[in-house]
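Okay, thanks for coming, everyone. I'd like to walk you through a structure that is probably new to you, so let's get it up on the screen.

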Amino acid sequence: MICANNKALSIFSLVLLAATIASTHAAEHGVRMNAAKATFEPAYLKIQPGDTVKFIPIGKSKTVTATSTLVPDGAYHWQGIPGKSLSAKLSREGIYLYQSNKHVAKGMVGVIQVGSAVNLDQAKTRAQQIARQAGGGARFLPLLSSVERSTASTSRTTEDIKPTP
């Protein structure tokens, strides 16, 4: 009986350890919001479920925001405050489209792929709608072509991307 309890305790301990290790591997990725250039840098990001994306305004980016315009089913939308950093933890697999509402006509849009691109067709449809409404939204389409050919993680951590005064 003692041997069975020790075995159960050992299995439980291993499962708990694995869960702890998995949760500590979630990463934070940085995206610079540059209103002067009307860009998000990088504009395309591939991350893993559970990772966090931090949107960081740079320079005199007092009017720039990051606002989700399409998220996978069951994921939450986000809306930034102009000129402020925003962190979004993305747990659902799929494509997330986002934009700066004030600068979308200038092409200030971005794409985040979390794990598998399970909603790629939906993302392409939404990108085409935005392109018709705001000319700069057409920039989504070449960014989405990165999704189809992307297999490796292409991201930068917030240590790589620091805001500039």
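Let's begin with one pairing: Thr39, in β2, is the bridge partner of Asn34. That little match belongs to a bigger arrangement, where strand β1, residues 28-34, runs antiparallel to β2, with 3 bridges between them. And before I go on, please keep in mind that this is a predicted model.

Now zoom out. How many strands does the open sheet have, and in what order? There are 4, ordered β2-β1-β4-β6, and the pairing is mixed. At the edges you'll find β2 (39-41) and β6 (86-90); each has a single partner strand, so one side of each has no neighbour in the sheet. From one strand to the next, the twist averages 25°. As a bit of background, strands in a sheet pair through backbone hydrogen bonds, and they can do that parallel or antiparallel.

Let's visit β6, one of those edge strands. Ala88 sits in β6. Is Ala88 buried or exposed? It's buried, at 0% relative accessible area. Leaving out residues up to four places away in sequence, Ala88 touches Asp51, Thr52, Val53, Tyr76 and Trp78. Also, Ala88 and His29 are 59 residues apart in sequence, while their C-alpha atoms are 9.9 Å apart in space.

Trp78 comes back in another role, because we should talk aromatics. Well, let me just show you: one aromatic cluster is made up of Phe40, Phe55, Trp78, Tyr96 and Tyr98. Across the whole structure, the search turns up 6 aromatic pairs.

Next, charges. In general, side chains of opposite charge can pair when their charged atoms come close. Here the count is 1 salt bridge. Arg32 forms a salt bridge with Glu41, and their closest N and O atoms are 3.8 Å apart. Glu41 has a relative accessibility of 21%, so it counts as partly exposed.

Last stop: Thr69, which you'll find in strand β5, residues 67-70. Thr69 is buried, with 14% relative accessible area. What does the side chain of Thr69 make a polar contact with? That would be the side chain of Arg126, at 2.9 Å. Setting aside neighbours within four places in sequence, the residues in contact with Thr69 include His77, Leu97, Tyr98, Ile130 and Phe140. And you've met Tyr98 already, as a member of the aromatic cluster.

That's the tour. Happy to spin the model around if anyone wants another look.

Conventions. Residues are numbered from 1 along each chain as its sequence is written. This is a predicted model: local features need pLDDT of at least 70, side-chain atom pairs count only at pLDDT 80 or more; totals for chains, interfaces and linings use all residues. Side-chain values use heavy atoms; hydrogens and water are left out. Two strands pair if DSSP finds at least two bridges between them. Helices (H or I, at least four residues) and strands (E, at least two) are DSSP runs, numbered from the N terminus. Axes are lines fitted to C-alpha atoms, for helices over the stretch in contact, and angles run from 0 to 180 degrees between N-to-C directions. Rings of Phe, Tyr and Trp (its six-membered ring) pair if their centres lie within 6.5 Å; planes under 30 degrees apart count as stacked, over 60 as edge-to-face and the rest as tilted. Buried means under 20% relative accessible area, exposed over 50%, partly exposed in between (1.4 Å probe, protein chains only). A polar contact is a pair of N or O atoms within 3.5 Å; within protein, one must be able to donate a hydrogen and the other to accept it, and residues adjacent in sequence count only if both atoms are side-chain atoms. Contact means heavy atoms within 4.5 Å. A salt bridge is a side-chain nitrogen of Lys or Arg within 4 Å of a carboxyl oxygen of Asp or Glu.
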